[in-house]
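Visitor: Could you take me through this model by question and answer, with the cut-offs behind each term?

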Amino acid sequence: MGTTKHTGPIGLPKSLDPKLWVSKAPFGLGKVKPHHIKETLKIAWENRDQLPYAYRILTQGVCDGCALGVSGLYDQTLEGPHVCTTRLNVLRLNTMPEIQPEVLHQDIGELRKMDSTALRKLGRIPYPLIRRPGETHFSRLSWDEALDTIAAKIRAIDPLQLAFYLTARGITNESYYAAAKVARLLGTNHIDNASRICHSPSKTALKRSVGIGASSCNYKDWIGTDVLVFWGSVAANNQPVSTKYMYAAKRKGTKIIVINPYHEPSMDQYWIPSIPESALFGTRLADDFYGVHIGGDIAFMNGVMKHWFEMEEQKKGSAIDHNFVQAHTNGYEELKAHVMEQDWVLLEQSSGLSRERMLEFACLLASAKSAVFVWSMGLTQHRFGTDNISQVANLALLRGFLGREHCGLMPIRGHSGVQGSGEMGADPFSLPGGEFNTKGIERMEQLWGFKLPRWQGDIVGVSLENSMLPDEHERKLKLFYTSGGNFLETMPDPDFVRGCLENVDIRVHQDIVLNTSTLADAREAVIVLPAMTRYEQPGGGTSTSTERMVYYSPEIRGPRVGEARAEWSIYAELAAKVNPAYKARVGFENAADIRKEIAEAAANYNGIQDLSERGDVFQWGGAWLCEDGICPTEDGRGNLIPIEQPELRKPEGHFRVTTRRGKQFNSMIYSETDPFNGADRYDVLMSQEDADDLRLKEGDAIVVYNQYGLLHGRAKPVLIGRGNIEVHWPEGNSLIPKGVYEPQAGIPEYNTAAVVEKAETFHAFKDTKYVEKRITELETEMG
């Protein structure tokens with residue numbers, strides 16, 4: 001941890017810088033780009049029935065969009081107001097009225113004709129609901145009836161057969177903590193959260209490499225660093241306010257590098273609406289793109305380090321910060337020996353980049369005095385995600401880019417709620433403030449006053465798969481309690497996931513809106529519980545940003561929906577329903593009580609108990625973790641780890657496949673068309689050279705398929721490396737294998753290999769067993 005404190009926001013330059021302009025044409029006329037003014041007016045119109053309330057949410061609440069941490073309209077990075085279309089798009093979830101009874105209670109078949117976007121627009125869930133087998137509509141329940149039904153089932157099953165899951169939907173630290181405590185009180189360790197599905201390799205890798213589980217630096221460190229690297233992260237699309245930080249960095253002379261299979265247009269140039277100069281003329285963001293193969297990042301990083309070690313042979317100190325390495329790291333000689341054994345031909349083939357391009361990047365970092373590495377799911381959601389992140393840590397440690405200003409390792413978070421989820425213990429591998437191990441269990445037993453289950457809980461994917469076990473199996477999932485989330489649209493192999501959801505006895509959906517998974521059947525009952533948003537919760541709530549800022553978001557005056565309750569209070573009441581004696585053991589009556597208990601349970605969160613007013617915030621760990629190179633590992637040193645080259649199984653004639661986001665926030669889709677490249681949801685992004693080889697023109701109907709499933713789409717040539725294609729998530733999830741998890745962090749694999757063919761060819765041969773033959777061949781080649 002560090003002792004230096006964050007110094008607060010800084011100002012933007014007042015002068016113009018035409019060198020950064022995209023075009024002299026105002027507002028990007030003629031360009032494919034977002035139309036922020038038009039979209040803002042559209043969102044205002046959608047919220048016209050609650051404009052004063054919407055305004056109060058924007059100006060008083062902490063953003064429930066991405067994890068940059070905007071409180072009201074202000075943050076801790078830059079002076080001046082901030083607002084983005086992601087936050088505005090999410091706004092309607094907080095202001096819309098409840099679903100009308102005639103819509104809510106209509107035939108389930110009619111509701112199933114709608115996608116999640118249409119279901120979301122129906123409005124908020126107003127009161128508890130139930131639907132049993134054979135029933136064609138939801139029926140209303142009282143809260144007592146709903147919780148009594150759930151509690152009776154919990155009492156009737158083994159805790160091994162009970163699982164909880166919490167998504168990232170604006171959920172507060174208080175709710176994560178309450179869920180983590182209640183789950184253990186009810187005897188189960190099967191509790192998981194959306195953050196772990198996205199960034200568990202980041203935490204696992206950073207723990208083993210440098211002893212931390214969060215970003216080591218701040219967004220302010222972007223501004224003035226020599227090199228800012230975005231690795232498998234499209235921050236401009238997923239965290240739009242970050243473009244303002246990139247603009248400030250560019251004005252300070254920072255070079256921005258993007259390493260990604262696809263040359264994402266939003267990272268190339270952006271019209272930042274809150275900066276007049278940029279809103280008018282646009283801003284060139286990235287200085288260079290490195291088009292690495294899907295899954296080729298480890299090879300690329302090995303190539304960079306190999307260049308460094310070769311440079312060192314010519315001149316010591318030309319690439320490695322030996323003072324830092326000697327004082328603050330372990331494993332230098334082992335890493336060097338491993339890297340020097342790597343074959344250049346294999347590194348080029350695996351990375352998709354030439355030896356010369358790797359040298360360019362190596363020289364850029366070798367000459368830099370500071371650098372910040374930012375990454376997201378392009379690195380984490382692989383079966384070797386932990387190794388990807390430890391490679392990034394290797395680069396930082398060899399150059400000493402850690403524990404000081406303008407340096408650091410940043411796993412950028414996609415949602416405002418997720419950083420705190422594991423830190424609150426809503427995770428099978430974590431407890432509040434620590435790991436799930438003997439020491440952590442004993443610590444929490446002393447604080448909570450009850451015994452915790454000692455067995456290892458399952459990740460949510462395994463819990464779902466366990467629903468397919470025989471009824472008599474001790475780990476057969478019989479009650480699945482999910483706070484938000486839609487596994488039909490987030491997990492690989494949606495058809496299999498539907499079968500899992502429908503094979504659970506009772507499935508509980510605690511949420512603010514309906515989605516497609518809410519409508520799936522269950523063996524005994526589907527129960528829906530209406531939740532409050534963070535802005536409705538009595539006593540307010542807190543959330544933790546990517547940079548470890550803990551923000552207080554107050555309860556905001558406005559309309560309240562039906563019988564919706566604060567999420568933390570639902571968990572507490574459920575525990576009391578299971579056993580009246582549990583009420584005292586849960587031990588909190590209001591949000592302030594929970595914050596006091598969090599401060600005791602998680603040492604880093606000492607200070608959360610003092611957050612009570614709008615604008616209250618503190619940062620745990622100081623400005624920089626690992627300050628001055630001292631890591632919170634056993635010996636205080638970072639670990640340089642030799643990383644083996646993963647086997648990238650792409651048979652000849654097949655494409656590497658990964659998923660990408662479009663105009664969406666998590667699984668919530670806001671437009672069928674991506675405003676940055678004009679792609680629709682079923683466009684398949686491929687290189688022009690690959691399209692030419694397949695005799696495809698833009699818009700041609702194609703089929704992408706493998707042994708797991710298929711996707712009907714249309715060809716869209718873009719700037720992407722040959723042999724790589726990108727499909728949209730979740731539409732492309734049918735191609736992703738189920739049950740493939742990263743062995744160290746348990747994250748699902750979201751990458752695969754597939755065949756691409758013209759639709760007319762695919763369908764012409766369909767009756768001749770052609771497709772079945774090709775899939776059999778693929779299974780043999782991939783095995």
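Visitor: What percentage of the residues in the chain is buried?
Guide: This is a predicted model, in which local features need pLDDT of at least 70 and side-chain atom pairs count only at pLDDT 80 or more, while totals for chains, interfaces and linings use all residues. Residues are numbered from 1 along each chain as its sequence is written, and side-chain values use heavy atoms, with hydrogens and water left out. A residue is called buried under 20% relative accessible area, exposed over 50% and partly exposed in between, with a 1.4 Å probe and protein chains only. Of the 783 residues in the chain, the buried share is 63%.

Visitor: What is the radius of gyration of the chain, and which value does the globule rule give?
Guide: The chain has 30 helices and 29 strands, these being DSSP runs (H or I of at least four residues for helices, E of at least two for strands) numbered from the N terminus. The radius of gyration is taken over C-alpha atoms, and the globule rule is 2.2 Å times the number of residues to the power 0.38. The chain is as compact as a globular protein of its length, because its radius of gyration is close to the value from the rule: 25 Å, against 28 Å for 783 residues.

Visitor: In the open sheet of five strands, what is the strand order, and which strands stand at the edges?
Guide: Two strands pair if DSSP finds at least two bridges between them, and in this open sheet the pairing is parallel, with the order 9-6-5-11-12. A single partner strand is available to each edge strand, so one side of each is left without a neighbour in the sheet; these edges are strand 9 and strand 12 (408-411).

Visitor: Which residue is the bridge partner of V258 in strand 9?
Guide: Strand 6 (residues 255-259) runs parallel to strand 9, and three bridges join them. Within strand 9, V258 has as its bridge partner F289.

Visitor: Which residue meets R357 in a salt bridge of 3.1 Å, N to O?
Guide: A salt bridge is a side-chain nitrogen of Lys or Arg within 4 Å of a carboxyl oxygen of Asp or Glu, and the structure holds 41 of them. In this one, the side chain of R357 meets that of D288. R357 lies in helix 18 (residues 355-367) and its partner in strand 9 (residues 288-290), so the pair ties together parts that are 69 residues apart in sequence. At 23% relative accessibility, the partner counts as partly exposed, and it is D288.

Visitor: How far apart are the closest N and O atoms in the salt bridge between R357 and E360?
Guide: R357 and E360 are three residues apart in helix 18, which separates them by about one helical turn. E360 is partly exposed, with a relative accessible area of 41%. The closest N and O atoms of R357 and E360 are apart by 2.8 Å.

Visitor: Is H406, with its positive phi, buried or exposed?
Guide: H406 lies in the loop between helix 20 (385-399) and strand 12, and its phi is near 65°, a positive value in a residue other than glycine. With a relative accessibility of 18%, H406 counts as buried.

Visitor: Where is C626, and what is its relative accessible area?
Guide: C626 is found in the loop between strand 20 (617-619) and strand 21 (638-639). Phi is positive for this residue other than glycine, near 60°. C626 is buried, its relative accessible area being 0%.
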